[in-house]
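Colleague: I am new to reading models like this one. Can we go through the terms together?

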Amino acid sequence: MSSPQPSLQPLPLPPSLWAATAPPAPPTPPLSESRRADVLIVGGGFTGLSTALHLAEAGVQVCLLEAHEPGWGASGRNGGQVNPTLKHDPEDLVRLYGPERAEPLIDAVSRSADVVFDLIARHGIDCQPVRNGWLQVAYSPRQVAGLQARAEQWASRGVKTEVLNRAAVGARLGTEAFAGGWLDPRAGGIQPLAYTRGLVRAAQGAGAAVHGGTKVTALERRGAHWHATTSTGATVTADQVVLATNGYTGPLWPGLSRTVLAANSFIVATTPLEGAAADAILPRGETASTSQRLLLYFRKDAQGRLLMGGRGHFADPSGPSDFSHLERSLALLFPTLGPLRYEYRWAGRIAVTRDFMPHVHTPAPGLTIALGYNGRGIALATSMGKHLASRLVDAKAEFPYPVTAIQPIPLHGLQRFYVAGGVAWYSLLDRLA
């Protein structure tokens, strides 16, 4: 049980490329009257919306509450890459969990992008989907060897991976900066805020109630039911609750926010590019990222803008200078483009877990928590929502993701220094590599 928190006014959607180009948001008015639901979902991002949609399609009465508007957090601010992988390779997972537990997890992760693109097709979501694969590339031959081993592990599980040498990567990316890499054909790219809004419409069409501008300020168990108090004064009584707040997790459940580090990811987008030099960059429409610990990720959008993202400092950005490291990286990778003009710069918080695994917790009867996608939230969180819904409908359904106890990170109050120290340490290791 948590203490009531001060009421907050919903914040406007932060400026970004996605906010400027997404279809209009469907109405999600604040909760105005107290109500009853089978399942209450707290959080209007990919996890919450996927769970709501799949539950509603199964005939479950769902109420989803979001403090601001659906997609306000990481789901509406990320780089739009749909990557069906974890930080850990398949054989790492087998060593961690044993084959009996690991193989269902590996299969669920491998199919996670399918869940995204199947939902897009089934519900006609207008989010500029492109599924031409993901290129993970490396600067040094030693790093390329590690990527080749990763590709071989997925290939042994039926994925038609490609291992690419320097020339092949250069032809795919339009830069000679990398020594090689691999292609994961399962992956793709989307307009993430448009996808989020499409999930809202689909969930509403299936019968789910979705309310923005409604912060859950207290949550407590009363007998056989959960009782949620909200910032609007209305309450929700439900048999089950799903907390899906990820990088913007607050104090609603004791200790939960201290299980993740809320790290900033910064993104820049150029103006639409034209000409032969621009056409040579990712001409097949793949997404891409580096294999560094502090990785860079980049892609083109439907209008030909070049996007690059990467880790930023802990504080939210205060001006264009905070994005200069990304702009320098683009200039170094693609010198043939000449001086670039930037149309958008924005940031959002991802939830990083200590073991780099998504976390699922069930700390009380009828309460399920899912968070911590470590920068792979589009595919993993959508998949998570589908599996959570199956588990809530049928407690005996196979659930591939590990369920663990809540374990706060020691000295979490120093997370600003954790993040800064981690960035400095990983930056040093990347330079040494």
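Modeller: We will take two helices and then one strand, and bear in mind that this model is predicted.

Colleague: What makes H5 oblique to H8?

Modeller: Helix H5, residues 112-123, and helix H8, residues 192-205, pack at an angle of about 60°. Angles from 65 to 115 degrees count as roughly perpendicular, and those under 35 as roughly parallel. The angle here fits neither range, so H5 is oblique to H8. The two axes are 11 Å apart, and the crossing is left-handed.

Colleague: Which residues in H5 and H8 meet?

Modeller: From H5 come Val-116, Leu-119, Ile-120 and His-123. From H8 come Tyr-195, Leu-199 and Ala-202. By class, the contact has 6 nonpolar residues, 1 polar and no charged ones.

Colleague: Why is strand E6 called mostly covered?

Modeller: A residue is buried when its relative accessible area is under 20%. In E6, residues 180-184, 5 of 5 residues are buried. Therefore E6 counts as mostly covered.

Colleague: Which way do the residues of E6 point?

Modeller: Gly-180, Trp-182 and Asp-184 point one way. Gly-181 and Leu-183 point the other way. In a regular strand, side chains alternate between the two faces of the sheet.

Colleague: How do you know that E4 and E5 pair with E6?

Modeller: Pairing needs at least two bridges. E4, residues 134-138, has 5 bridges to E6, and E5, residues 162-164, has 3. So both pair with E6. E4 runs antiparallel to E6, and E5 also runs antiparallel to E6. Ala-138 stands opposite Gly-180, while Glu-162 stands opposite Leu-183.

Note on methods
Residues numbered from 1 in each chain as written. Predicted model: local features only at pLDDT ≥ 70, side-chain atom pairs only at ≥ 80, totals over all residues. Heavy atoms only, no water. Axes fitted to C-alpha atoms, helices over the stretch in contact; angles between N-to-C directions. Helix = DSSP H or I, 4+ residues; strand = E, 2+ residues; numbered from the N terminus. Parallel < 35°, antiparallel > 145°, perpendicular 65-115°, else oblique. Left-handed = near helix turned anticlockwise from the far one by under 90°. Contact = heavy atoms within 4.5 Å. Nonpolar A, V, L, I, M, F, W, Y, C, P; charged D, E, K, R; others polar. Buried < 20%, exposed > 50% of the residue type's maximum accessible area, 1.4 Å probe, protein only.
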